[in-house]
Amino acid sequence: MPKIIDHDQRRLEIVLATKKLIIDGGFRAATMREIAAAAGYANGALKRYFEGKDEILMATSQYATAVLVERLQRTVSGLQGMDAVSAIFEQTLPDRQDNKELARVLLTFWEQSIGNLELSKAFLRNLSPWRNLAVMYLHQAVSLGQLHSRWDPSTVADELLTLTVGAHVMVQLDDREETIQQHTGHLRRRISELRADVPEEAAVN
């Protein structure tokens, strides 16, 4: 009987191998030859599953963000409004090792996306579930009187995402504890400011 090959499983093995190579050694470590070796395939065998390195990077970025979003969805279960917003971004701060590793994968893909329209669109598309989750709970916070109605939820979500990504960039450059605390503090203060900036009548209720 001919051997049945699980195409999706092979793709996942390649993605996981790429993710580990990037975490351990950065983008330069993730050559096609090293990816193939880490996944247990001959170099040319990768072409059966991916057209090239860009497609492997896209798939790795997509996998990493999907894992993150799944974790965020579990975290906010049972929460509402600004409590959910705070939990979403607490879960993505660079004071956790798994988040530092995730950031290294995503920032590697981001770097490769510069000047490449297709990769840039893919990067933004992969981030959209995270952003959409934040926007949804920010809208809820407005309706609950926890966020001032003058704040546009989409704009606030973009601001918080920018602060989070910026924190990860700085921690990748300098991962001392004081650097981590400094940049995570920026995001936490901003969320606290948004919580405090509510109409007096809403705060009383």
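Q: In this predicted model, what do the buried residues of helix H3 pack against?
A: They pack against five neighbours listed by name: helix H1 (7-25), helix H2 (32-39), helix H4 (81-90), helix H5 (97-113) and helix H6 (117-143).

Q: Which residues of H3 are the buried ones?
A: Among them are Ile-56, Leu-57, Met-58, Ala-64, Leu-68, Val-69, Arg-71 and Leu-72.

Q: How do you know what span to expect for H3, residues 53-75?
A: You take 1.5 Å times one less than the number of residues. H3 has 23 residues, and the expected value is 33 Å. From its first C-alpha to its last, H3 reaches 33 Å, close to that expectation.

Q: Why does Asn-99 count as buried?
A: Buried means under 20% relative accessible area. Asn-99 has 2% relative accessibility, so it counts as buried.

Q: What makes the link between Asn-99 and Leu-93 a polar contact?
A: The cut-off for a pair of N or O atoms is within 3.5 Å. The side chain of Asn-99 reaches the backbone oxygen of Leu-93 at 2.9 Å, so the pair fits that cut-off.

Q: And where is Asn-99 found, and what does it touch?
A: Asn-99 sits in helix H5. Leaving out residues up to four places away in sequence, Asn-99 touches Arg-71, Gln-91, Thr-92, Leu-93 and His-168. Arg-71 is one of the buried residues of H3.

Q: How many helices and strands does the protein have?
A: Nine helices and zero strands. Read along the sequence, that gives α-α-α-α-α-α-α-α-α.

Conventions
Residues numbered from 1 in each chain as written. Predicted model: local features only at pLDDT ≥ 70, side-chain atom pairs only at ≥ 80, totals over all residues. Heavy atoms only, no water. Helix = DSSP H or I, 4+ residues; strand = E, 2+ residues; numbered from the N terminus. Buried < 20%, exposed > 50% of the residue type's maximum accessible area, 1.4 Å probe, protein only. Contact = heavy atoms within 4.5 Å. Polar contact = N/O pair within 3.5 Å; in protein donor to acceptor, adjacent residues only side chain to side chain.
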